Amino acid sequence: MTPELADSPFLRACRRQPVSRTPVWFMRQAGRSLPEYRAVRGGVPMLTACATPDLIVEITMQPVRRYGVDAAIFFSDIVVPLKAIGIDLDIKPGVGPVVAEPIRDAAAIGTLRPIEPDDVSYVTQAVRALTAELGATPLIGFAGAPFTLASYLIEGGPSKNHDHTKAMMYGRPQLWHALMERLTEITLGFLRIQIAAGASAVQLFDSWVGAVAPEDYREFVMPYTSRIFAGLADLDVPRIHFGVGTGELLGLLGEAGADVVGVDWRVPLDEAVRRVGPGKALQGNLDPALLLAPWEVVERRAADILARGSKAEGHIFNLGHGVLPATDPDQLARLTDFVHETSAR
């Protein structure tokens with residue numbers, strides 16, 4: 001890592017070091033809200049785009065060029081490593097990942113093998129090209145966490161109540177733990193491949209884990225999340241942990257081993273500081289829907305988040321979830337400038 005990259009506001013904030021300004025990036029900053037994204041994705045299926053190095057590079061770079069954000073996030077999808085090891089799945093527009101044959105027994109779990117660099121050579125190629133182009137701007141690699149991947153595999157697609165997932169977790173715990181063991185190895189492997197290629201931070205997305213109670217998180221989820229973070233410790237890159245609806249789990253998300261805890265919009269950042277406890281940076285947490293409101297509303301809320309975030313040992317400004325497709329890119333550009341100018345120290 002070059003000295004300029006190591007000194008970036010984003011990586012310094014992740015490490016709870018002093019920064020010249022609060023760094024900002026946005027989950028789903030590359031995507032449907034950008035006309036240039038829609039132009040290059042026209043007629044290209046999502047999983048094809050995620051396996052095409054030139055497209056990955058272009059789509060990852062688009063928001064960096066447009067907004068001047070402090071970090072890029074690798075363009076991919078959480079199901080990419082599952083597809084790469086042979087799971088029959090697709091991403092259906094308007095639906096999300098759909099698995100042809102849900103995994104609900106020991107035989108199906110046995111088909112899940114560890115991921116190898118050759119399975120995702122397009123990832124290595126794209127990360128190397130991106131880090132060369134990004135220079136002093138960090139690239140964030142990412143993966144889906146085992147609970148969220150398990151839910152997609154067990155349910156067969158997105159689920160409101162995670163019925164089949166919880167039925168296995170509570171009713172067939174041995175099967176559940178066997179599945180989580182396999183997914184932990186796949187996720188850890190996928191993150192290590194991205195870091196080896198040059199990613200300078202990683203984010204673990206546990207999108208659906210807010211569906212479980214704290215005691216269940218501790219028993220059925222946390223051992224695997226902790227193993228992933230521990231398995232990255234030797235690589236010395238910041239590790240971010242994010243989930244939706246995780247207000248009751250914030251302390252546990254930090255305890256699992258992340259350096260940075262992502263906070264959705266439901267919990268004020270100063271309260272999140274209290275729940276997470278010392279020794280962690282925080283990331284968040286403007287409600288993405290606020291970007292559909294007039295600028296005066298966005299500005300007021302963003303200023304409040306910066307004030308509350310100043311209580312954290314490190315703060316990365318972000319949304320409380322991903323950019324919504326209807327978002328005006330000019331709002332994000334204005335917000336980036338506002339965060340930079342308001343927080344300049």
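These legends describe close-up views of a predicted model.

**View 1. Helices α10 and α11 cross in the predicted model.** Helix α10 spans residues 163–171, and helix α11 spans residues 173–197. Their axes come within 5 Å. The crossing angle is roughly 110 degrees. An angle from 65 to 115 degrees counts as roughly perpendicular, so α10 is roughly perpendicular to α11.

**View 2. Residues at the contact of α10 with α11.** From α10 come Thr 165, Met 168, Met 169, Tyr 170 and Gly 171. From α11 come Pro 173, Leu 175, Trp 176 and Leu 179. Of the residues in this contact, 7 are nonpolar and 2 are polar. No charged residue takes part.

**View 3. Residues annotated as "binding site" in UniProt.** The annotation comes from an unreviewed entry. It covers Arg 28, Gln 29, Ala 30, Gly 31 and Arg 32, along with Asp 77, Tyr 152, Ser 207 and His 321. In sequence, these residues are spread over 294 residues. They are spread in space too, with C-alpha atoms up to 23.4 Å apart. The lining of the largest pocket includes Arg 28, Gln 29, Ala 30, Gly 31, Arg 32, Asp 77, Tyr 152, Ser 207 and His 321.

**View 4. Ala 30 and its contacts.** Ala 30 sits in the loop between α2 (9–14) and α3 (35–41). Its relative accessible area is 15%. Buried means under 20%, so Ala 30 is buried. Residues up to four places away in sequence are not counted here; beyond them, Ala 30 touches Ile 59 and Pro 63. Ala 30 is also one of the residues under the UniProt annotation "binding site" (unreviewed entry).

**View 5. His 321 and its contacts.** The loop between β9 (315–319) and α16 (329–343) holds His 321. This residue is partly exposed, at a relative accessible area of 21%. Leaving aside neighbours within four places in sequence, His 321 is in contact with Met 27 and Arg 28. Phe 242, Val 244, Trp 265 and Pro 288 are in contact with His 321 as well. Arg 28 and His 321 are both covered by the "binding site" annotation of the unreviewed UniProt entry.

**View 6. Two spans that UniProt gives as "domain: Uroporphyrinogen decarboxylase (URO-D)".** The feature, from an unreviewed entry, is placed at residues 23–32 and 140–156. Residues 23–32 are 0% helix and 0% strand. The end C-alpha atoms of residues 23–32 lie 23 Å apart. Residues 140–156 are 59% helix and 29% strand. For residues 140–156, the end C-alpha atoms lie 28 Å apart.

Methods:
Residues numbered from 1 in each chain as written. Predicted model: local features only at pLDDT ≥ 70, side-chain atom pairs only at ≥ 80, totals over all residues. Heavy atoms only, no water. Axes fitted to C-alpha atoms, helices over the stretch in contact; angles between N-to-C directions. Helix = DSSP H or I, 4+ residues; strand = E, 2+ residues; numbered from the N terminus. Parallel < 35°, antiparallel > 145°, perpendicular 65-115°, else oblique. Contact = heavy atoms within 4.5 Å. Nonpolar A, V, L, I, M, F, W, Y, C, P; charged D, E, K, R; others polar. UniProt positions renumbered as here; feature names shortened; annotations may be inferred. 1 Å grid on protein atoms, 1.4 Å probe; cavity = no way out; pocket = protein on both sides within 12 Å on 5 of 7 lines; lining within 4 Å. Buried < 20%, exposed > 50% of the residue type's maximum accessible area, 1.4 Å probe, protein only.
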